[in-house]
Amino acid sequence: MEVKNTVEPQPDTLGISGLLHSVINAGRDILARRRKATTDSPSSDLIDKCKQLLHHRGEASGLALACEVIDEYRALDDPNKLAFFDALSEQFSVDSEAVIAAAQQYQTSTTSEHLSELSRAIEAPRLKLFRRMNMAPDATPTLVKMRGELLRLCKTHPHLKVVESDLKQLFISWFNRGFLQLSVIDWQSPAAVLERIIRYESVHAIKGWDDLRSRLSDNRMCFAFFHPTMPDDPLVFVEVAITAGTPAAIAPIIEKTNEPDDVSELDTAVFYSISNCHPGLAGVSFGNFLIKQVVKEVGKRFPLIKRFITLSPVPGFAKWLTAEKGEATVEELRTLAASEGRETHDRRWESAVAVCAHYLVNERQNNLAADPVARFHLGNGASLHAIHWAADLSERGLKQSAGIMVNYLYDLDNIEENHDAYFDEGRVARSKTVNRLL
């Protein structure tokens with residue numbers, strides 16, 4: 001996979017864009033003439049237009065109609081979005097009678113034609129509608145935001161889950177690894193991209209342009225995945241620090257307070273922040289591809305690197321510990337970390353780290369690690385390398401994990417073996433240090 005140094009427009013973008021808009025304008029003329037010729041007044045109802053789009057055959061007029069549908073959806077307020085989603089769940093669902101008839105027909109005669117008819121019957125018309133909506137320029141980001149809205153609404157309107165699931169099914173193919181472009185984000189990247197990096201950073205907040213410049217200079221790098229339909233909008237990005245040895249706290253990395261004088265001492269690549277940028281792409285896996293690709297790219301740039309490691313949060317630990325031991329116990333640990341830090345002589349920190357090791361290794365959700373960050377890295381084939389007390393004393397770090405952070409080690413010789421052992425046997429690869437904690 002080619003790695004670009006900056007995000008650049010694709011060749012002939014303006015020519016393609018101009019051609020597309022000329023087709024859309026021609027399609028609008030066709031629609032206007034047809035609507036003028038009909039005895040009925042043209043419908044202003046978005047659902048009616050969706051039904052028209054679903055059965056439309058003309059390319060130019062269909063493209064123009066897709067633009068209308070997308071534009072009208074974008075203009076909806078929250079109550080009308082909910083009404084729109086309700087209609088999608090009710091009026092664009094599978095016809096159960098057609099499915100039964102097709103299944104009976106296939107049972108009687110198992111021909112390829114009958115199988116095709118059955119396949120068409122079991123696909124909800126919503127899927128075809130979404131594909132046709134996606135013909136419109138810039139429709140893909142709108143559909144991604146649509147799924148983000150649906151995920152939020154599903155908590156209180158569970159019947160919308162079928163609509164959200166259909167979009168996820170499409171996104172898994174639309175955002176296939178083969179379509180993704182890995183790019184280096186640097187100070188020369190477009191301003192729109194840099195602004196989004198600041199806004200999307202979800203692990204360690206970027207405090208303005210000076211902070212961003214610091215994270216993109218010296219021994220710091222940033223890599224992001226982009227999709228051709230969203231060329232200035234990263235899907236996921238990872239921030240990397242080249243350090244001397246394995247880090248045990250986040251502040252020296254962010255503030256660059258522990259930099260070696262001799263660059264020959266730099267032997268470790270640290271992935272210290274991974275941010276998924278779009279809620280609407282939740283569950284569409286490409287973060288694991290990002291890590292593995294970045295390992296290769298950093299290795300090319302820094303051939304003396306000996307280890308690839310993370311410094312990761314434990315976002316589910318405090319919530320789990322509160323359920324197990326009570327809020328008072330967690331508050332004691334937060335107070336201890338905030339007031340005494342890593343220099344404390346209070347032995348409770350050792351117990352907290354040991355309990356965190358148990359949480360990461362043994363606590364499961366659907367047979368996978370209960371902690372979402374652990375689930376991500378262990379599923380990628382990393383091993384649980386070390387657990388650090390008072391490593392993140394930010395408000396967020398204290399709230400999520402009483403300040404505890406974790407190193408996950410990406411050993412290139414063992415990634416695939418660790419991955420298989422985790423999913424096939426439920427075994428968490430871990431260091432001797434972590435074993436002693438357990």
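**Strands, pocket and aromatic pairs**

In this predicted model, strand S5 runs parallel to strand S6 (residues 307–310), and the two are joined by four bridges. One contact helps to find the pairing on screen: Thr268 has Arg307 as its bridge partner in S6. S5 also pairs with strand S4 (residues 236–243), this time in the antiparallel sense and over eight bridges. Here Val238 is found opposite Ile274 of S5. Eight of the nine residues of S5 are buried, so the strand is largely enclosed by the rest of the structure. As a reminder for reading such strands, side chains in a regular strand alternate between the two faces of the sheet.

A further antiparallel pairing is found between strand S2 (residues 181–185) and strand S3 (residues 220–226), with five bridges. Within it, Val184 has Phe223 of S3 as its bridge partner. S2 is mostly covered, with four of its five residues buried.

Ile274, already met as the residue opposite Val238, returns in the description of the largest pocket. This pocket has a volume of about 1,200 Å³. Its lining comprises 41 residues, and those nearest the centre are Ile274, Asn276, Pro372, Val373 and Phe376. Two or more lining residues are given by each of strand S5 (268–276), helix H13 (287–301), helix H17 (372–379) and helix H18 (395–401). H17 provides the largest share of the lining, with six residues. Sorted by class, the lining holds 21 nonpolar residues, 17 polar ones and three charged ones.

Attention now turns to the aromatic side chains, which form eleven pairs in the structure. In one of them, the ring centres of Tyr73 and Phe84 are 5.5 Å apart and the planes meet at 45°, so the pair counts as tilted. Tyr73 belongs to helix H3 (residues 59–74) and Phe84 to helix H4 (residues 78–91), so the pair ties together parts that are eleven residues apart in sequence. Tyr73 and Phe84 are both buried. Together with Phe85, Tyr73 and Phe84 are linked into a cluster by ring pairs.

The rings of Tyr422 and Phe423 offer another geometry: their centres are 5.2 Å apart and their planes stand at 75°, so this pair is edge-to-face. Tyr422 counts as buried because its relative accessibility of 2% falls under the 20% cut-off. Phe423, by contrast, is partly exposed, at a relative accessible area of 43%. A charged group also sits over an aromatic ring, with Arg199 over the face of Tyr200 at 5.1 Å from the ring centre.

Finally, two loop residues deserve a look for their backbone angles. Lys256 has a phi near 55°, which is positive in a residue other than glycine. Lys256 is found in the loop between helix H12 (251–255) and S5. With a relative accessible area of 18%, Lys256 is buried, because the cut-off for that class is 20%. Asn367 likewise is not a glycine, yet its phi is positive, at about 70°. The loop that holds Asn367 lies between strand S7 (364–365) and strand S8 (368–369). Asn367 is exposed, with a relative accessible area of 65%.

Terms used: Residues are numbered from 1 along each chain as its sequence is written. This is a predicted model: local features need pLDDT of at least 70, side-chain atom pairs count only at pLDDT 80 or more; totals for chains, interfaces and linings use all residues. Side-chain values use heavy atoms; hydrogens and water are left out. Buried means under 20% relative accessible area, exposed over 50%, partly exposed in between (1.4 Å probe, protein chains only). Two strands pair if DSSP finds at least two bridges between them. On a 1 Å grid over the protein atoms alone, a cavity is a set of points where a 1.4 Å probe fits but cannot get out, and a pocket is an open set with protein on both sides within 12 Å along at least five of seven lines; lining residues have an atom within 4 Å of a point. Grid points are joined across faces, edges and corners, and a volume is the space filled by probe spheres set on the points. Ala, Val, Leu, Ile, Met, Phe, Trp, Tyr, Cys and Pro count as nonpolar, Asp, Glu, Lys and Arg as charged, and the others, Gly among them, as polar. Rings of Phe, Tyr and Trp (its six-membered ring) pair if their centres lie within 6.5 Å; planes under 30 degrees apart count as stacked, over 60 as edge-to-face and the rest as tilted. A charge sits over a ring if NZ of Lys or CZ of Arg is within 6 Å of the ring centre and within 35 degrees of the ring normal.
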